[in-house]
Amino acid sequence: GYSVAVLESHYAPGGAAHGYSVYNKHVNNGEGGTFTFDTGPSFFSGLNSNYAAKSSNPLRTLLDIIDETVECIPYTTFGLKFPNGDFVHSSSFGSSKGGVVDQVCGNEGMQQWKALMNKMEPLAKAVDAMPTLALRADPGVALTAGMFLPNFAGLNPLENLKLTKPFSNIIDGANVKDGFIKNWLDVLCFCLSGVPSDGTITAEMAMMMGEFYDEDAIMDCPVGGAQSIIDALVRGIEKNGGQVILKSHVNEICIEDGKAIGIRLKKNPNHMIRANKGVISNISIWDLMNSGIVDTSHFPNDFVTNRKETPPCPSFMHIHVGFEMTREELSQLQAHYIYMDDWERSVTEEENCALISIPSVHDTTLAPDNHAVLHIYTPATERYERWENLQRNTPEYNALKEERSAFLWEVLEKVIPDIRQRTVHSQVGTPLTHQRFLNRHRGTYGPAIRAGEASFPFPNTPIKNLLVCGDSCFPGIGVPAVSGSGMIAANSVSLDSIGSQLDVLSTLKAQ
């Protein structure tokens, strides 16, 4: 394999998927204790090595390739707090008597849900037919993807073409008319991709609907938090001879004669670290084009213009909370809740949707005894414009933090009515927080590329040996998109990787 160096700007790897700890000296009758928080996502599926892997799950594929496992606690339900009432979501959401669709919509709604699932079945098979691992952005794809083409023999080519279209087309094609079902699908799409169903690519939903609604669908709570996933990936890099170098902010990607030849670090700008094979950039496409990390004069003007015009989602508000709660009390809660305030308003509007993760419901390692952690956020609805002229830690900034986090506290009180009294530690994150700690353009939640109007670029750039990955160049928000795009970029570094890729694919195919 290649000799790989991962240069991480921050003190910890993982970006939005890493974790951090806070010590509180006052808990446990003054003995103190540590709270461990997930920076971003706590919602995972398909990672548990005790269950068969799906080839459409890129993160699980990566873990299997590097022979690393993440200890996970499986669970099957999460909470919904909707204008219609409070519900418990499970894989039988729309398929069983007593399920959520039956409770809200009755038999007619269940029939519409069944019609949608029937429409999704061949699309899910098409997604499963071609593992992400088989893809690459060069002519070698004819060999690596070719070995899986027989999987498409029994599939309708016209159906496969629907995978690149908006998911709303599938909903309409199934004749789904029920308002509650359509609203729920918009929420689900928005949480997964940052846009409602009329902008979400069908391929993404073909993969994710199975993760939610297969009869044996489970979700995974990684023990120790999301940080345990990052730890596994770091172990995989290091045991294969690679390095993960922290506190190493890349200041410049060096380009010479139309080719990426290395990088320079902010802490040592006069020294160039040479790249023998290539440079893969995982910063967002906006930051790549706007931050000065590359000299954009090396790129064609239309490429620069096109990438700069990639539409970003708004940002988000976020609160991390450490609080008092017994195991008995936690057992009465769900590990996740999706909250919607008003179906008459779009899921994209401010202060209408919120997501809550309480990983302590399953994982006792994240907080001291009789305590727990949670985080709550507004996905892709917080406008950066109200923050961009503020300075952190000023009275104006702190006042706006309190104002804009009030909605999240109100939502939390619908799940834990006395949460404010129980709280022993809280931190509010704003668009400026996300911009600063995630090096994320305008603190954006991710790209707002709408299916049917534009397409996600592959990892190639006009500069030889410079590739890109991340969720600004691959469908989805966060971990799935980063995993999938990173895999394709790694495959595409050089044609001499084809042999190794085929070996790994043969192992995958034999499973």
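A residue counts as buried when its relative accessible area is under 20%, and as exposed when that area is over 50%, with partly exposed in between. This tour of a predicted model begins with a residue to which that cut-off applies.

**Stop one: Thr61 and helix H1**

Select Thr61, which is found in helix H1 (residues 58-65). Its relative accessible area is 7%, so Thr61 is buried. Leaving aside residues up to four places away in sequence, Thr61 touches Lys54, Ser55, Leu133 and Met487.

Next, display H1 together with helix H15 (residues 479-491): the two pack at an angle of about 55 degrees, and their axes are 8 Å apart. H1 is therefore oblique to H15. On the H1 side, select Pro58, Leu59, Thr61 and Leu62; on the H15 side, select Val479, Pro480, Ser483, Gly484 and Met487, and the contact is shown. By class, six residues of this contact are nonpolar, three are polar and none is charged.

**Stop two: helices H2 and H6**

Move to H2 and helix H6 (residues 179-193), whose axes lie 9 Å apart and which pack at an angle of about 75 degrees. This angle makes H2 roughly perpendicular to H6. To see the contact, select Val100, Val101, Val104, Cys105, Gly109, Gln112, Trp113 and Leu116 of H2, then Phe180, Ile181, Trp184 and Leu185 of H6. The contact of H2 with H6 comprises ten nonpolar and two polar residues, with no charged residues.

**Stop three: the second largest pocket**

Keep H2 on display and turn to the second largest pocket, which holds about 580 Å³ of space. Its lining consists of 27 residues; select Met117, Met209, Gly210, Tyr213 and Asp214, the closest to the centre of the pocket. Helix H2 (100-129) and helix H7 (202-213) are the elements that each give two or more residues to this lining. Which element gives the most to the lining of the second largest pocket? It is H2, with 13 residues. Coloured by class, the lining of this pocket shows ten nonpolar, nine polar and eight charged residues.

**Stop four: the largest cavity**

The structure holds five cavities of 30 Å³ or more. The largest cavity has a volume of about 50 Å³. To display its lining, select Ser193, Val195, Gly199, Thr200, Ile201 and Glu204, and add Pro447, Ala448, Ile449, Phe456, Pro475 and Gly476. Seven residues of the lining of the largest cavity are nonpolar, four are polar and one is charged.

**Stop five: Thr423 in strand S17**

Select Thr423, which lies in strand S17 (residues 423-429). Is Thr423 buried or partly exposed? With a relative accessible area of 22%, Thr423 is partly exposed, because buried means under 20%. Add Glu324 to the selection: Thr423 and Glu324 are 99 residues apart in sequence, yet 6.5 Å apart in space, C-alpha to C-alpha. With residues up to four places away in sequence not counted, Thr423 touches Val321, Gly322, Phe323 and Trp409.

**Stop six: Asn465 in a loop**

Finally, select Asn465, in the loop between helix H14 (431-437) and strand S18 (466-468). Asn465 is buried, since its relative accessible area is 17%. To show what surrounds it, select Lys259, Ala260, Lys277, Gly278 and Val279, which Asn465 touches when residues up to four places away in sequence are not counted.

Methods:
Residues numbered from 1 in each chain as written. Predicted model: local features only at pLDDT ≥ 70, side-chain atom pairs only at ≥ 80, totals over all residues. Heavy atoms only, no water. 1 Å grid on protein atoms, 1.4 Å probe; cavity = no way out; pocket = protein on both sides within 12 Å on 5 of 7 lines; lining within 4 Å. Points joined across faces, edges and corners; volume = space filled by probe spheres on them. Helix = DSSP H or I, 4+ residues; strand = E, 2+ residues; numbered from the N terminus. Nonpolar A, V, L, I, M, F, W, Y, C, P; charged D, E, K, R; others polar. Buried < 20%, exposed > 50% of the residue type's maximum accessible area, 1.4 Å probe, protein only. Contact = heavy atoms within 4.5 Å. Axes fitted to C-alpha atoms, helices over the stretch in contact; angles between N-to-C directions. Parallel < 35°, antiparallel > 145°, perpendicular 65-115°, else oblique.
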